[in-house]
Amino acid sequence: MKVYQGKDIRNVGIVGHGDSGKTSLVAAFLYCAGLTSRLGSVSDGTTTTDFDEEEIERKVSIATALAYLEWNKSKINLLDTPGYNIFINDTLGSLVAADAAFVLVDGVAGVEVQTEKVWDFSNRYNLPRALIVNKLDRERSSFERSLESIQSVFGRSAVPIQWPIGEEKGFQGVIDLLTMKAYTYAAGANGKGKEAAIPDNLKVVAETARDKLIEMIAEGNDSLMEEFFDKGTLTPEQITQGLRDAVAAQRLYPILCSSATTQVGTDLLLNFAVDFFPSAVARGTVQGKTPDGKEIERKIADTEPLSVFVFKTAADVFAGRVSYFKVFSGVLVNDANLVNYNKGTSERFAHISLMQGKSATAIPEIHAGDIGSVAKLKDTVTGDTLGDKAAPILYPSVKLPEPSISFAIAPNSRGDEDRLGSALHRILEEDLSLRFYRDPQTKEFLLGGSGQQHVEVVVSKLKRRYNVDVTLKAPKVPYRETILGKADVQGRHKKQTGGHGQYGDCKIKMEPLPRGGNFEFVNDIFGGSIPKNYIPAVEKGIVESAQRGFLAGFPVVDFRVILYDGSYHDVDSSEMAFKIAGSLAFKKGMEQAKPVLLEPVMNVEVYAPDQYSGDLIGDLNGRRGRIQGMETRGNSQVIKAQVPMSEMLSYASDLTSRTQGRGSFSMEFSHYDIVPSHIGEKVVAAAKAARAGETLEEEE
Ligand SMILES: Nc1nc2c(ncn2[C@@H]2O[C@H](COP(=O)(O)OP(=O)(O)O)[C@@H](O)[C@H]2O)c(=O)[nH]1
Ligand SMILES: [Mg+2]
């Protein structure tokens with residue numbers, strides 16, 4: 001591969017809902033451009049960008065993969081991103097390297113939950129984009145219905161610039177509305193079209209769509225508008241330049257047609273990326289901060305000091321840590337020493353490479369705007385900026401959402417436990433949306449992720465890559481405890497052991513705070529019934545007990561404690577004695593104050609074809625869900641509901657079976673709410689049983 005300059009590079013994120021065909025389309029691009037000798041297939045596990053064993057086995061993209069190709073004297077870098085909700089955080093993290101996005105829409109399902117999500121991600125990075133209606137060869141697919149679905153969600157600035165020839169099995173070609181040329185794709189043509197005549201039955205449809213397109217290009221551009229009113233149309237040059245400007249300004253989102261697996265329209269999509277997407281230097285500058293926090297701008301140019309941003313880290317069993325980076329400014333030459341501005345250390349970039357799926361190809365230099373990789377950096381992690389010593393700059397990294405669910409994992413043997421820490425450390429470096437920690441009370445290892453499958457992938461990687469065997473236990477819903485009533489109690493700790501005794505005594509009132517109020521401590525002691533220096537000890541005793549929980553070991557929240565009286569002893573009082581008194585008072589207070597459990601409630605959005613709505617709503621009601629509303633999105637219904645997290649743990653697989661795989665959903669934390677008592681009793685009993693079991697194990 002020759003070295004390209006930023007002006008001849010396009011960095012394109014391939015985004016969309018899971019299963020819309022992103023990985024297959026990247027395979028079609030690579031085959032069409034001659035980078036692979038046959039068409040990679042997701043079902044055979046032979047695509048370039050789903051190379052990880054977990055991805056091949058599950059037939060699902062788990063992490064963003066890179067590929068590149070040469071087309072019309074330009075280099076196109078492709079970021080094949082995950083589309084399933086539990087892996088979507090990786091998409092958010094890696095889109096920082098993109099300068100434009102192809103948003104795929106399944107031609108059967110239309111816009112789905114994650115289509116909207118990745119649209120929002122693209123907005124966050126200000127990415128010009130185009131929509132690709134894929135799978136147009138499939139039964140029950142429809143370009144026109146997909147168009148309706150797209151425009152009902154993204155508005156009329158999403159506008160077709162192509163029209164399909166033939167439907168379903170008969171989908172065989174594409175009309176380019178900009179040039180009014182048609183192309184058909186013979187079997188075995190590797191996605192390269194042959195010019196053909198526009199079929200008679202499509203002439204009127206195509207003309208109408210073209211008129212609409214030209215009107216949309218003229219709209220929002222004063223000089224083109226004038227010309228359009230004068231002449232009733234625009235010249236081919238004005239159409240091309242007008243569309244290019246409108247795409248760059250995110251005023252228009254062109255819609256194109258494709259079948260990734262039968263390779264219809266593939267070459268036209270690549271033409272579009274080169275002709276209409278901005279180059280890697282077109283955005284001009286990138287925002288960063290100086291080490292002391294001042295906002296600065298850096299020009300995206302070879303002539304500027306070197307700066308590279310690490311947007312992804314992969315843990316390769318053989319190569320070790322592989323860092324993926326974008327060169328924002330300057331030219332990175334092989335074997336350069338760079339300063340890591342975040343860590344203050346120096347790193348050698350030996351064997352800088354371009355990634356084609358899992359294989360790295362060495363390259364002598366990488367220019368501003370391009371994407372590369374390097375193995376074996378010492379201290380650098382995702383989100384770090386490196387570059388010339390003299391011109392430090394820090395690029396911002398996105399904050400990924402916190403995990404929504406945690407599972408306990410138990411090493412199967414002593415040896416597994418010993419190796420667990422370092423293996424997980426590497427996996428966590430790859431995926432910043434995971435959390436690993438130890439429950440301070442139960443001493444269990446907890447692994448937090450976006451969903452059950454997310455955590456299962458980690459367990460499977462532990463086994464496959466690092467030969468660490470662990471068992472996944474039931475998911476942990478992060479319950480809390482609180483009080484509904486008030487209490488007025490005394491906590492008195494008195495012990496006489498030999499000479500020196502212990503004495504602490506406090507009187508407190510407890511009362512509920514509104515949700516989210518957490519904890520308040522009010523010191524209402526007058527006249528020194530408890531000396532000042534012991535008051536923090538009382539508070540500490542209460543806080544520590546509240547952390548340990550009262551009903552079932554979950555932290556107690558949303559309450560106020562008023563310390564109003566007490567007594568002390570000149571000799572026997574101590575901080576420890578007052579801490580114990582505080583903790584005793586807290587426990588007594590909890591008994592009086594009507595303790596209850598709180599559970600996390602999620603905002604849930606379910607997308608599915610209309611015919612399933614009745615069944616899905618019934619099911620959500622059965623899960624104690626509250627339906628908040630319904631909307632039509634093209635050929636789908638969106639059901640919005642609030643549902644307790646504990647009822648949603650197995651929803652992904654239930655939804656799939658209820659809708660034959662046509663439904664999708666997303667969920668995020670909304671608020672905490674009181675657990676109904678009959679359910680609360682079961683949670684308390686289960687927590688007690690679990691704790692009893694653990695104490696036994698520890699005693700063995
Ligand atoms: N018929 C048909 N199937 C497709 C097309 N694109 C992808 N698929 C299939 O849809 C499934 C999901 O494709 P994949 O590329 O993994 O989708 P991704 O999740 O968006 O990356 C696979 O079984 C593909 O073979 C297409 O254009 N036509
Ligand atoms: Mg994929």
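**Helix α11 and ligand 1**

Visitor: What makes residues of α11 count as buried?

Guide: In this predicted model, His 454, Val 455, Val 457, Val 458, Val 459, Ser 460, Lys 461, Leu 462, Arg 465 and Tyr 466 of α11 are buried, because each falls under 20% relative accessible area (exposed is over 50%, partly exposed in between; 1.4 Å probe, protein chains only). These buried residues pack against α2, β14, β24, α10, β26 and β27, with contact meaning heavy atoms within 4.5 Å.

Visitor: How do you know that the length of helix α11 agrees with its number of residues?

Guide: Its 15 residues, 452-466, should span 21 Å at 1.5 Å a residue (1.5 Å times one less than the number of residues). The end C-alpha atoms are 21 Å apart, and therefore the two values agree. Just after α11, Asn 467 has a positive phi of about 55°.

Visitor: Why is the pair formed by Asp 137 and ligand 1 called a polar contact?

Guide: A polar side-chain atom of Asp 137 lies 2.7 Å from a nitrogen atom of the ligand; the limit for a pair of N or O atoms is 3.5 Å, so the pair qualifies. A side-chain N or O atom of Asn 134 is 3.2 Å from a ligand nitrogen, and a polar backbone atom of Asp 19 is 2.7 Å from a ligand oxygen.

Visitor: Which residues surround ligand 1 most closely?

Guide: Of the 17 surrounding residues, the closest are Asp 19, Lys 22, Ser 24, Asp 137 and Ala 260 (near means a heavy atom within 4 Å). Helix α1, residues 22-32, gives the largest share of this shell, 3 residues.

Technical notes. Residues are numbered from 1 along each chain as its sequence is written. Chains are lettered from A and ligands numbered from 1 in the order in which they are written. This is a predicted model: local features need pLDDT of at least 70, side-chain atom pairs count only at pLDDT 80 or more; totals for chains, interfaces and linings use all residues. Side-chain values use heavy atoms; hydrogens and water are left out. A polar contact is a pair of N or O atoms within 3.5 Å; within protein, one must be able to donate a hydrogen and the other to accept it, and residues adjacent in sequence count only if both atoms are side-chain atoms. Helices (H or I, at least four residues) and strands (E, at least two) are DSSP runs, numbered from the N terminus.
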